[in-house]
Structure formats: structure tokens, C-alpha cells
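This briefing covers one protein chain and is set out by topic. Please look over the sequence and the model before reading the points below.

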Amino acid sequence: MAKRRGNARTEEAVAVEAQGDGPRFAIDFDAMEASGKETLFFVRSRMCADALKKADGAKQLKDYLKVISSECAGKPDFIGPSTPLSEAVFRLILAANNKPLSIRDIQDGLTEAWSSVIYMKDLSEELLTRLLDRPNSYFIKRAEPGRSGT
């Protein structure tokens, strides 16, 4: 069985990564809740103005993600050029309705979001993998094989 930084990984996970697409990353909302963070507040605080209006009365995470996906994704100020890299990846995954994204998906999404930037941030596979494989305050982790979102 393969190991990653002391955490056991299943043979199935290693096999999925070996198929060429590499690891996929998603937000672990269960771990976020378990840590004591208020998940709905954490997500709601990232919503664009249009999403906040539409989400009024929403009480479930899946409803928030759906509104972010339809209202905020693609808006220039949702993932602006000054957005820190970890925050930008978090917002990108939110906009994808927490569907697990590959490094390539993340690179493409951020390149599109920051297309008007003169000096592009480093979005290399090595940097993104290193950033996302470390424990982070956004609870972005490698997704289990077969996981399709929240």
C-alpha cells in the first residue's frame, strides 16, 4: 500500500492517479465542520452579491454551492488577480459545486480567471500539488476515487 506523508492511501487511489489525470482535489466539508468552523458561514462569506440575493433563505450547503456555481462562476471579481492562490483554488472548487478537480482543471480555471493579468502567478503542477497536499485552512484535500461532489 502506498503512503503519503504518513497517511495510508488506498491502492485504488494510486491506480486512479496512475491513469494519467493525476490526483483530484475537493473541499472536505465534514472535516471543516469537525474542526469547529461554521461551514455555511465559511461558504456564504465567499458569495458574490448576486448569489447572496438568490441564496436568501438557503439553509443547506448544497443550495449555497448551487447558487455560487450559477451566479459567481466566471465573474471577474469572484477570483480576482489579487486573490491569494489558496483562496482562489477554494473559490474555483466552490464554483465547480465541489466537484473534484485535477491540477490541470485548476490551472485552466485560474488561467482563465486571471487572463488579464500582466504577470501570471506560478501555477505549475509541482507548486499546486505541494500546496494542496499540505494541511490547509480551506480543507482542500485529495478526493477519494469515485467521489463526485458534495
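The notes below deal with the overall fold, the sheet, helix α6, the aromatic contacts and one pocket.

The model is predicted. Its chain has 150 residues, 41% of which are buried. The secondary structure consists of eight helices and five strands.

**Fold and sheet**

- From the N terminus onward, the elements follow the pattern β-β-α-β-α-α-α-α-α-β-α-α-β.
- An open sheet is built from three strands, ordered β4-β3-β5, with antiparallel pairing.
- β4 (101–102) and β5 (140–142) are the edge strands, each pairing on one side only.
- Strand β3, residues 24–27, runs antiparallel to β5 and is joined to it by three bridges.
- Within this pairing, Ile27 has Ile140 of β5 as its bridge partner.

**Helix α6**

- Helix α6 spans residues 85–95.
- Ten of its eleven residues are buried, so α6 is largely enclosed by the rest of the structure.
- The buried set is Leu85, Glu87, Ala88, Val89, Phe90, Arg91, Leu92, Ile93, Leu94 and Ala95.
- Two of the charged residues in that set are Glu87 and Arg91.
- After α6 comes Asn97, which has a positive phi, near 65 degrees.

**Aromatic contacts**

- There are three aromatic pairs in the structure.
- One of them is formed by Phe42 and Tyr138; the ring centres are 6.3 Å apart and the planes are at 50 degrees, a tilted arrangement.
- Phe42 belongs to helix α3 (residues 39–44) and Tyr138 to the loop between α8 (125–133) and β5, so this pair ties together parts that are 96 residues apart in sequence.
- Both members of this pair, Phe42 and Tyr138, are buried.
- Tyr138 also pairs with Phe90, again in a tilted arrangement, at 5.1 Å centre to centre and 40 degrees between the planes.
- This second contact links helix α6, which holds Phe90, to the loop between α8 and β5, which holds Tyr138; the two residues are 48 apart.
- Phe90 is buried, as is Tyr138.
- Phe42, Phe90 and Tyr138 together make up one aromatic cluster.

**Charges over rings**

- Phe42 of the cluster has Arg46 over its face, at 4.3 Å from the ring centre.
- Over the ring of Phe78 sits the charged end of Arg91, 5.4 Å from the ring centre.
- Arg91 is itself one of the buried residues of α6.

**The second largest pocket**

- The volume of the second largest pocket is about 270 Å³.
- It is lined by 13 residues, and those closest to its centre are Ala73, Gly74, Gly109, Glu112 and Ala113.
- Helices α6 (85–95) and α7 (103–113) each contribute at least two residues to the lining.
- α7 provides the largest share of the lining, three residues.
- The lining comprises nine nonpolar, two polar and two charged residues.

**Points in common**

- Helix α6 recurs across these topics: Phe90 in α6 takes part in a pair with Tyr138, and α6 also supplies residues to the lining of the second largest pocket.
- Strand β5 is an edge strand of the sheet, and the loop between α8 and β5 carries Tyr138.

Note on methods: Residues numbered from 1 in each chain as written. Predicted model: local features only at pLDDT ≥ 70, side-chain atom pairs only at ≥ 80, totals over all residues. Heavy atoms only, no water. 1 Å grid on protein atoms, 1.4 Å probe; cavity = no way out; pocket = protein on both sides within 12 Å on 5 of 7 lines; lining within 4 Å. Points joined across faces, edges and corners; volume = space filled by probe spheres on them. Helix = DSSP H or I, 4+ residues; strand = E, 2+ residues; numbered from the N terminus. Pairing = 2+ DSSP bridges. Phe/Tyr/Trp six-rings, centres within 6.5 Å; stacked < 30°, edge-to-face > 60°. Buried < 20%, exposed > 50% of the residue type's maximum accessible area, 1.4 Å probe, protein only. Lys NZ or Arg CZ within 6 Å of the ring centre and 35° of its normal.
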